[in-house]
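Me: Please take a close look at the charged side chains in this model. I want to know what they pair with and how covered they are. Then place them in the rest of the fold.

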Amino acid sequence: MASLTASVYERSDARFVQQSRPEGYLRNQGFYIYRNRRLILWGSWFRMARQEELTKLARVRIDIPNDLDYQWSIDVRKSRAHPPLIVRNLLKRIIEQIRSGAKRPYTTRGKVVVESGVQAVWLRKVHNDRIEYVVNQEHPIVSELLADLDAHVRDRTRRVLSLLGETFPAAVFFSDYASTPKQMEATAPQVVVLVDIARLMGSAVEGRDERSLLAFLSGIDPFGRYPDLLPEVIRRLKLDA
């Protein structure tokens, strides 16, 4: 009887580095076949799924005893193996769950921004199956800036913001985030930086009491990402009032 275990290594896990192997993370995702506790085959989905960047963190260990050599088509050199039909059917049912788990470390941050109701600086838009990211011109910081401009400059600024979205280097960003995720992790800004950003909203924050200000800032990016810093941000804003 064969046993199966699945693992998805987070970016912060020490085994994330260990599992890269010489061929890299991408080529080593998939099933790892052990016969009598000895690794004989690794880095394959047995043509049931493609090797993709977003699933390169997935590792599935399958242990089989030596009396299943025939069913697994294991050759004399113990260098290849193919799961029998009954096992393939089982793996097909669970492989999507495995792959979804592997994608989670990359997609969680984006889902939180979308699902939490926080007003994001960048918006994800879908037009006829085409996905693009654009600057949110309704964001309080951006809209406050636009409101302070005369009509001519406001129109030019809107065009510049649109240009930023149209020229977002999505391919380069994806490559960097997939290959060197630790280098892409954002660090918490200094409180003084958040205070300066809050001041840019002018009338949107002026005149609010502390409770109202906390609720307002918690609902917009980037303040919503750092709830632990908000009390100090509000305290400093009130000192300046």
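Reply: **Salt bridges and arginines**

A search of the whole structure finds seven salt bridges. Keep in mind that this is a predicted model. Side chains of opposite charge can pair when their charged atoms come close.

Start with helix α7. Which residue does Arg-199 pair with? Arg-199 forms a salt bridge with Asp-196, and their closest N and O atoms are 2.7 Å apart. The two residues are three apart in α7, so about one helical turn separates them. How covered is this pair? Arg-199 has 42% relative accessibility, so this residue counts as partly exposed. Asp-196 is partly exposed too, at 38%.

Now go to helix α9, residues 230-240. Here Arg-235 bridges to Glu-232, again with 2.7 Å between the closest N and O atoms. Arg-235 and Glu-232 are three residues apart in the helix, which means a separation of about one helical turn. Arg-235 is partly exposed at 43% relative accessibility. Glu-232 is at 25%, which also counts as partly exposed. The cut-off for buried is under 20%, so Glu-232 at 25% does not qualify. This pair belongs to a network: salt bridges link Glu-232, Arg-235 and Arg-236.

A further bridge joins the side chains of Asp-221 and Arg-225, at 2.8 Å from N to O. Is Asp-221 buried or exposed? Asp-221 is buried, because its relative accessibility is 6% and the limit is under 20%. Its partner Arg-225 is partly exposed at 49%. Exposed would need over 50%.

Next, two arginines with polar contacts.

Arg-208 sits in the loop between α7 (191-199) and α8 (210-218). This residue is partly exposed, at 27% relative accessibility. What does its side chain reach? One target is the backbone oxygen of Ala-204, at 2.6 Å. Another is the side chain of Ser-212, in a polar contact of 3.1 Å. Beyond four places in sequence, Arg-208 touches Leu-213, Phe-216 and Lys-238. Lys-238 is 30 residues away in sequence, yet the C-alpha atoms are 9.5 Å apart.

Arg-59 is placed in strand β4. Buried or exposed? Arg-59 is buried, with a relative accessible area of 5%. Its side chain has polar company there. A polar atom of that side chain lies 3.3 Å from the backbone oxygen of Asn-28. The side chain also makes a polar contact with the side chain of Tyr-32, at 3.5 Å.

Now the nonpolar surroundings. Strand β4 (58-64), which holds Arg-59, is among the elements that supply at least two residues each to the largest nonpolar core. The others are β2 (30-35), β3 (38-44) and α2 (85-115). This core has 19 residues. Which members touch the most other members? They are Phe-31, Ile-33, Trp-45, Ile-62, Trp-72 and Ala-81. Take Ile-33 as an example. Setting aside neighbours within four places in sequence, Ile-33 is in contact with Arg-38, Leu-39, Ile-40, Leu-41, Phe-46, Ile-62, Ile-64, Trp-72 and Ala-81. One charged residue appears in that list: Arg-38.

Another core of 17 residues lies apart from the largest core. Its members include Met-201, Leu-213, Phe-216 and Leu-217. Two of these tie back to the loop: Leu-213 and Phe-216 are touched by Arg-208.

What about the outer face? A nonpolar patch lies on the surface, with about 700 Å² of accessible area together. Its residues are Trp-122, Val-126, Ile-131, Tyr-133, Val-160, Leu-164, Phe-168 and Phe-173. Strands β5 (122-127) and β6 (130-135) and helix α4 (151-166) each give two or more residues to the patch. Val-126 belongs to strand β5. At 47% relative accessibility, Val-126 counts as partly exposed.

Last, the whole chain. There are nine helices and six strands. Of the 241 residues, 36% are buried. Asp-221 and Arg-59 are among the buried residues. The chain exposes about 15,400 Å², and carbon and sulfur atoms supply 53% of that area. Of the contacts between residues at least 6 apart in sequence, 62% join residues at least 24 apart.

Note on methods
Residues numbered from 1 in each chain as written. Predicted model: local features only at pLDDT ≥ 70, side-chain atom pairs only at ≥ 80, totals over all residues. Heavy atoms only, no water. Patch = residues over 30% accessible without salt bridge, like charges linked within 9 Å, V, L, I, M, F, W, Y side chains within 5 Å. Areas by Shrake-Rupley, 256 points an atom, 1.4 Å probe, with all protein chains shown as cover. Salt bridge = Lys/Arg side-chain N within 4 Å of Asp/Glu carboxyl O. Helix = DSSP H or I, 4+ residues; strand = E, 2+ residues; numbered from the N terminus. Buried < 20%, exposed > 50% of the residue type's maximum accessible area, 1.4 Å probe, protein only. Core = buried A, V, L, I, M, F, W, Y, C linked by side-chain atoms within 4.5 Å. Contact = heavy atoms within 4.5 Å. Polar contact = N/O pair within 3.5 Å; in protein donor to acceptor, adjacent residues only side chain to side chain.
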